[in-house]
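Hello,

Here is the structure I promised to pass on. Please open it first, then read my notes below.

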Amino acid sequence: MNMRDLIPWGRQSQMTPSRFREEGDPFMTLHREMNRLFDDAFRNFEIAPFGSFSGAGRMGGWPHVEVIETDKDVRVSAELPGMEDKDVEVLMGDGVLTIRGEKKSEIEDKDRAFSERYYGRFERRIPLAWDVEEDKIDASFRNGVLTVTMPKSAEAKPNVKRIAVNANADSTKH
């Protein structure tokens with residue numbers, strides 16, 4: 001077999017090797033997509049609490065939180081397994097709820113052979129989209145879950161009027 005038969009372009013062709021591969025080669029398409037996926041996955045990585053890596057926009061921070069809004073209040077629950085209330089500090093200021101603390105190891109590093117547990121200091125800031133009565137905020141800690149209840153201020157409570165939708169209305173009239 002002649003070596004020229006293996007080359008996908010000819011001398012008289014204007015197509016370069018890179019353009020040939022981009023136009024129809026499924027392997028190059030797969031290669032490009034895999035590069036894009038890895039770029040997207042690692043683009044906004046930062047060091048998370050406890051020294052592990054966390055994609056800031058994708059996985060969120062630690063502790064994992066749940067925000068629930070009702071007509072009267074906003075509740076934020078944070079999972080803090082293995083911690084006690086004395087290890088956690090809750091702060092509120094400038095419309096941002098801050099949960100911070102430290103999870104300490106029960107054993108010395110020299111005794112540890114292997115560990116997948118996280119230890120160290122953490123801080124989680126949660127900006128609030130609601131006006132709350134800061135002097136009436138309540139925090140409770142039970143079974144490793146911190147719950148912060150923040151009553152909404154009078155200005156933040158919804159003033160919503162329900163509008164009836166008429167199914168038989170003619171949409172051509174203005």
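Asp87 touches Arg100, Gly101 and Glu102, leaving aside residues up to four places away in sequence. This is a predicted model, so treat each detail below as computed. Asp87 sits in the loop between strand S4 (73-79) and strand S5 (88-93). Is Asp87 buried, partly exposed or exposed? Its relative accessibility is 23%, so Asp87 counts as partly exposed. The cut-off for buried is under 20%. Look also at Lys104. Asp87 and Lys104 are 17 residues apart in sequence, and their C-alpha atoms are 8.9 Å apart in space.

Next, the strands that follow the loop. S5 and S6 pair in the antiparallel sense, over six bridges. One of the partners is easy to find: Val88 has Gly101 in S6 as its bridge partner. Gly101 is also among the residues that Asp87 touches. S5 and S6 form a hairpin with two residues between them. Asp94 is in that turn, and its phi is positive, at about 55°.

S6 pairs with S7 as well. Eight bridges join S6 and S7, again in the antiparallel sense. Lys103 is a good place to stop here. Lys103 belongs to strand S6 (residues 96-103). Opposite Lys103, in S7, stands Gly120. Is Lys103 buried or exposed? Lys103 is buried, because its relative accessible area is 11% and the limit for buried is under 20%. A polar atom of the Lys103 side chain lies 3.3 Å from the backbone oxygen of Pro81.

Now the sheet that holds S4. Which order do its strands take? The order is S3-S4-S9-S8, in an open sheet of four strands with antiparallel pairing. Strand S3 (65-69) and strand S8 (138-142) are the edge strands, and each pairs on one side only. From one strand to the next, the twist averages 15°. S8 and strand S9 (residues 145-151) run antiparallel and are joined by five bridges. Across that pair, Phe141 stands opposite Leu146 in S9.

Leu146 deserves a closer look. Its contacts, not counting residues up to four places away in sequence, include Val76, Ser77, Ala78 and Leu80. Val88, Val90 and Ile99 are also on the Leu146 contact list. So are Ala139, Ser140 and Phe141.

Leu146 leads to the core. Which residues touch the most other members of the largest nonpolar core? They are Leu80, Leu97, Ile99, Leu146 and Met150, out of 16 residues in that core. S4, S6, strand S7 (120-127) and S9 each give two or more residues to this core. As general background, nonpolar side chains tend to be buried together in soluble globular proteins.

Last, the chain as a whole. How many helices and strands does the chain have? There are two helices and nine strands. Along the sequence, the pattern is α-α-β-β-β-β-β-β-β-β-β. The chain has 174 residues, and buried residues make up 20% of them. Of the contacts between residues at least 6 apart in sequence, 44% join residues at least 24 apart. The exposed area of the chain is about 14,100 Å², and carbon and sulfur atoms supply 50% of that.

Best wishes

Terms used:
Residues are numbered from 1 along each chain as its sequence is written. This is a predicted model: local features need pLDDT of at least 70, side-chain atom pairs count only at pLDDT 80 or more; totals for chains, interfaces and linings use all residues. Side-chain values use heavy atoms; hydrogens and water are left out. Two strands pair if DSSP finds at least two bridges between them. Axes are lines fitted to C-alpha atoms, for helices over the stretch in contact, and angles run from 0 to 180 degrees between N-to-C directions. Buried means under 20% relative accessible area, exposed over 50%, partly exposed in between (1.4 Å probe, protein chains only). Contact means heavy atoms within 4.5 Å. A polar contact is a pair of N or O atoms within 3.5 Å; within protein, one must be able to donate a hydrogen and the other to accept it, and residues adjacent in sequence count only if both atoms are side-chain atoms. A nonpolar core is a set of buried Ala, Val, Leu, Ile, Met, Phe, Trp, Tyr and Cys residues joined through side-chain atoms within 4.5 Å. Accessible areas come from the Shrake-Rupley method with a 1.4 Å probe; for residues, only the protein chains shown count as cover.
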